[in-house]
Amino acid sequence: MAGPVLTAVRERLLAAPSVPASELAGGESGLILLPAEGGRRVPRFQLAPDGAVRPVVLTVNRLLDAEADAWGAADWWLSPHAWLGAPPAGLLGTPAEAQLPELARLLTEVY
């Protein structure tokens, strides 16, 4: 059973725009998949407007180990970031998206 804080975070993440994993034509490899009632959901920010997977998302998801921690990776993408002044997902499709892999590397770097 998830505690009240974790439950609230999961509800917030599942409230973000998403598509059913079953609707992905190209497969799910490298994408964040969130378990939800009715099946797994793919947060929409990972897909370009034409439905293609955004390459930078695959790079960052790999760095964040989204396969092992989908909830943590989704939270990183969808939560406001102090350095960026916005959620990382909000920078996709802009020139600023180029800095996202380095930011994820800093987060996962072992000191």
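Let's start with empty space inside the protein. This is a predicted model, and the structure holds one cavity of 30 Å³ or more. How much space lies in the largest cavity? About 40 Å³.

Now, the walls. Leu13, Leu14, Ala16, Pro17, Ser18, Leu34, Arg41, Val42 and Pro43 line the largest cavity. Two elements each give two or more residues to that lining: α1, residues 4–15, and β3, residues 39–43. Which of them gives the largest share? It's β3, with three residues.

Next, please scroll along to the loop between α3 and α4. The helix α3 covers 70–78, and α4 covers 100–108. I want to show you two residues here. His81 is in this loop, and Trp83 lies in this loop too.

Take His81. Is it buried or exposed? His81 counts as buried, because its relative accessibility is 18% and the cut-off for buried is under 20%. What does His81 touch, leaving aside its neighbours within four places in sequence? It is in contact with Trp76, Ala86, Pro87, Pro88 and Leu103.

Now Trp83. Its relative accessible area is 65%. Exposed means over 50%, so Trp83 is exposed.

Trp83 also has partners on the surface. Together with Leu106 and Tyr111, Trp83 forms a nonpolar patch there. The accessible area of those three residues together is about 460 Å².

To recap the loop: His81 is buried, whereas Trp83 is exposed and belongs to the nonpolar patch.

Technical notes
Residues are numbered from 1 along each chain as its sequence is written. This is a predicted model: local features need pLDDT of at least 70, side-chain atom pairs count only at pLDDT 80 or more; totals for chains, interfaces and linings use all residues. Side-chain values use heavy atoms; hydrogens and water are left out. Patches are made of residues with over 30% relative accessible area and no salt bridge: like charges are joined within 9 Å, nonpolar side chains (Val, Leu, Ile, Met, Phe, Trp, Tyr) within 5 Å. Accessible areas come from the Shrake-Rupley method with a 1.4 Å probe; for residues, only the protein chains shown count as cover. A salt bridge is a side-chain nitrogen of Lys or Arg within 4 Å of a carboxyl oxygen of Asp or Glu. Helices (H or I, at least four residues) and strands (E, at least two) are DSSP runs, numbered from the N terminus. Buried means under 20% relative accessible area, exposed over 50%, partly exposed in between (1.4 Å probe, protein chains only). Contact means heavy atoms within 4.5 Å. On a 1 Å grid over the protein atoms alone, a cavity is a set of points where a 1.4 Å probe fits but cannot get out, and a pocket is an open set with protein on both sides within 12 Å along at least five of seven lines; lining residues have an atom within 4 Å of a point. Grid points are joined across faces, edges and corners, and a volume is the space filled by probe spheres set on the points.
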